[in-house]
Amino acid sequence: MTVAVQQEDLQLLSRTLQEQFLAEVPSGEFFQIKCAVNKDELMVLAQHPVSVKADTQQIFAVLEEALQSLPPYRDQKVQCFLRMTGEKLPYAKRSLIMKGHGQQKNPIFNRDEPDQKELLEEEPISSSSLVFPPHYSDPDDVAAEQEEVFDPLAGTPDLLTTPPKRSVSPILLSALLGITVLSGAGGYFITRPCVMSMCQELQAGQELNTQFRQLISRAKSTNELTTVQQQLETTSAALAVIPGWSSYHQQAEELKTSLSGQAQRISQVTQALQAASAAEEKMQTPANNQAELQARQQLWRQAITPLEAISPNNDLYRLVQPKLLKYRIQLQNINQQILAQEKWQKKLIDAKGVASVANKWETTAKTLQDWQKVQSTWQVAVNALNVIPPSSPASSEAQQLLLEYRPKLARARDRVTIEQLAGKSYQQLLIIASQAKAYEQKQEWQAAVIYWQQAVQTAKQISNNSLYYTQAQSLIAPYSASLQQAQEKLQLNNSWQQTRADLNKTCNSDIRICTFTVDEKGIMVKITPEYEQVLQTNTPQSNTQDAESAVGVANHWQRLQEALTIISQNANLPLFIYNSQDQVIYMQTPGG
C-alpha cells in the first residue's frame, strides 16, 4: 500500500511540473519531467532535445516555484537534474532545500518575497550522484542499483497527450442528388435544411464555435459549464440534420465533430468537478474508518483523471489547471492520512493479539510469576491502545477495547498484589512457627505461647483468593495444637512457681543444703556436698562429736525429709532425694 501511494504521488508531481513547464518555459512542450525517490530524497529530472536551448537558471527557478507551491514537498531537500535527450549523464544539477511557511492561497511561488525563497546549492556533478532510479523503490533496491548509471526516462510515455485526429469520409453529393431526382422526390429534398438557402444551422454553429473560448472563460461554476455543454449539444444536433446532398454537409460535419468533442470534454470536466465537490463535502466531517478514507481517495482520483486528459492547447486547460493542482494536493493529503491510519489500524490489531495472549495466560496462572506476566501483558495491550489519537478512525474501537482491557489489567494488578502479600505472610508464618519451637525446646513457655498465637493468626489472615491459602489452612490445625500444648505447659509452669519458692526456702540455711529441679516427672532434690559432709561428721559412730550434736543433725535431716514430702504432696509430684553421688537416698510418691 505504501509503495502504490507514493508512486501515485510521484506521477501527480511529474504531471504538475510538466504542465508548469508548458506554461512558463519557452519550448516547454519539448521537455520531459520525471520524479522519483532515492533514500527518502525527492529527485527531479528535466530532459530536452539537443536542438532546444535551455536557460538553466529559469528551469531550476520554475521547478523551485512549482515545488514550493505544493505543501507535501515543503521542508524537504530536492535534487534537480537537467540533461539532453539521448545522454545518460545530466549537464546541470541543483539541490533545493525547501522552506515551508504554512498553506498559501496562491499555489504559485512568489519570487518577490525573500522570506519564501529556498536555499539553492550548486553541486559538482559526479557519476555516483547522477544515479536516478526509474521508479519508487525501497532503499535496499536503490542501493543495489547505484553501481550503474540508469536512464530514468527509458520506456516511459510522454505526459503530454494529443487528441486523436478524426477523419471524415467524403460524401458523393452528386450521386445522392442524382438518386433523389430519379426518385421523383426532388421537392422534398429541396426543402431540407441548408439545401437551397443560407444555412442558419451552420452559421449558428460557427458563431458558437467562435464564442466558445469566451463562454468558457466566463463560466464560474459547474452549472454554467453545463449550460455551455447543452448549447454545444443542441447546436451539434441541429448540424446533424443537414442532409448529405447539401453543399454545407461536409463543413457541418466537421463543425459538428468539433462541437461534440468540446461538449464531451466539458462533460468530463463537470463530472470531475462533481466528484471533487462530493469529496470536499465528505471532508467536512472526520472519517470514521479506513473505508471512508479510501472512498474519498477514489473521489479525488475521479476528479483528477478527467482533468489530466485536457491538453494544454484546449480552451478548458486554463480553467481546469488551478483546480487540478488543488485536487492533487487533496489526494496527496488523503494518501498520507491512509498511510497514517494503516499505522494506527496495525496498532489496534497488535493490541488485540496481545490481549488474546493475556487472556490465555490468565486462565493458567498458578504462581506469582505467572500473574506478573499476565499483568505486564495486559499493560502492553492497554499502552498500545492509549497512543491511538482521537482523530484516527481506529480510535472508536480502541476506546471500546480500553473499556474491556483496563478492568482486566486492574484485576491482574490486584492479583499480583494479593499473591505478593500472601507469599510474604506465608514466609513470615513459617519463621514465627520456627521461633515458637525454639522457645519450647528452652522451656520458655510464655514466649512459646506468644509466637504460636502469632503463627495461627497469620495463617488465618492469608487471602482465600491466594495460591497460598490452601497451604496456610493446612497449618492452622497443627499450630493450634502446639499453641494449646504450650499454654498447658505455661499454666503448669506457673503452678510450680510456689513449689520452687518453697524448695528454695527449704534448701537454703546457713549453708546450701540442696539443689532441685521441678518438671512433670517430679521434684528432684540433690543434697549438696557441704550438707552431706555435715551429716557424715555428726553420725553416732563419730568420736569427734558428742551425742547431743549428733541428735540435732539427725533431727534436721528428718525435718528436711518431712518438709520436702509436704512440698511434693502440695505439688502432687513424686519426690526424689539424691546424694552428691546422684544416688537415690529417699523417694516419696503423692499419697504414699
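The exercises below, each with a worked solution, concern strands, helices and selected residues of a predicted model.

**Exercise 1. The open sheet**

Give the strand order of the open sheet, state which strands stand at the edges, and place helix α14 relative to the sheet.

Solution.
- Step 1. The sheet holds four strands, ordered β6-β7-β8-β9, and the pairing is mixed.
- Step 2. The edge positions belong to β6 (514-519) and β9 (584-588); each has a single partner strand, so one side of each lacks a neighbour in the sheet.
- Step 3. From one strand to the next, the twist averages 15°.
- Step 4. Strand β8, residues 575-578, runs antiparallel to β9 and is joined to β9 by four bridges. Within this pair, Ile577 is opposite Tyr586 of β9.
- Step 5. The loop between β8 and β9 contains Asp582. Asp582 is a residue other than glycine, yet its phi is positive, near 65°.
- Step 6. Helix α14 (residues 469-507) lies across β6 and β7 (522-527), and it runs at about 170° to β6.

**Exercise 2. Strand β2 and its partners**

Find the strands bridged to β2, give the direction of each pairing, and decide whether β2 is largely enclosed or not.

Solution.
- Step 1. Strand β1 (residues 32-38) is joined to β2 by seven bridges, and the two run antiparallel.
- Step 2. Seven bridges also join β2 to strand β3 (residues 77-84), but here the strands run parallel.
- Step 3. Gln47 serves to locate both pairings. In β2, Gln47 is the bridge partner of Gln32, and Gln47 also stands opposite Arg83 in β3.
- Step 4. The hairpin of β1 and β2 has two residues between the strands, and Lys39 there takes a positive phi near 55°.
- Step 5. Buried means under 20% relative accessible area. Seven of the eight residues of β2 (residues 41-48) are buried, so β2 is largely enclosed by the rest of the structure.

**Exercise 3. The packing of α6 and α7**

Describe how helices α6 and α7 pack, using the angle and the distance between their axes, and classify their relative direction.

Solution.
- Step 1. A pair of packed helices is described by the angle between the axes and by the distance between them.
- Step 2. For α6 (residues 200-218) and α7 (residues 222-240), the angle is about 165° and the axes are 10 Å apart.
- Step 3. Angles over 145 degrees count as roughly antiparallel. The two helices are therefore roughly antiparallel to each other.
- Step 4. The crossing of α6 past α7 is left-handed.
- Step 5. On the α6 side, the residues in contact include Leu202, Leu208, Phe212, Leu215 and Ile216. Those on the α7 side include Leu225, Val228, Leu232 and Leu239.
- Step 6. Sorted by class, this contact has 11 nonpolar, three polar and three charged residues.

**Exercise 4. Two residues by accessibility**

Assign Thr363 and Gln443 to an accessibility class, and locate each residue in the chain.

Solution.
- Step 1. The class exposed requires over 50% relative accessible area.
- Step 2. Thr363 lies in helix α10, residues 317-364. Its relative accessibility is 66%, so Thr363 counts as exposed.
- Step 3. Thr363 is 11 residues from Val374 in sequence, and their C-alpha atoms are 9.6 Å apart in space.
- Step 4. Gln443 is found in the loop between α12 (395-441) and α13 (445-461). With 54% relative accessibility, Gln443 therefore counts as exposed.
- Step 5. Although Gln443 is not a glycine, it has a positive phi of about 55°.

Notes. Residues are numbered from 1 along each chain as its sequence is written. This is a predicted model: local features need pLDDT of at least 70, side-chain atom pairs count only at pLDDT 80 or more; totals for chains, interfaces and linings use all residues. Side-chain values use heavy atoms; hydrogens and water are left out. Two strands pair if DSSP finds at least two bridges between them. Axes are lines fitted to C-alpha atoms, for helices over the stretch in contact, and angles run from 0 to 180 degrees between N-to-C directions. Contact means heavy atoms within 4.5 Å. Angles under 35 degrees count as roughly parallel, over 145 as roughly antiparallel, 65 to 115 as roughly perpendicular and the rest as oblique. A crossing is left-handed if the near helix is turned anticlockwise from the far one by less than a right angle, and right-handed if clockwise. Ala, Val, Leu, Ile, Met, Phe, Trp, Tyr, Cys and Pro count as nonpolar, Asp, Glu, Lys and Arg as charged, and the others, Gly among them, as polar. Buried means under 20% relative accessible area, exposed over 50%, partly exposed in between (1.4 Å probe, protein chains only).
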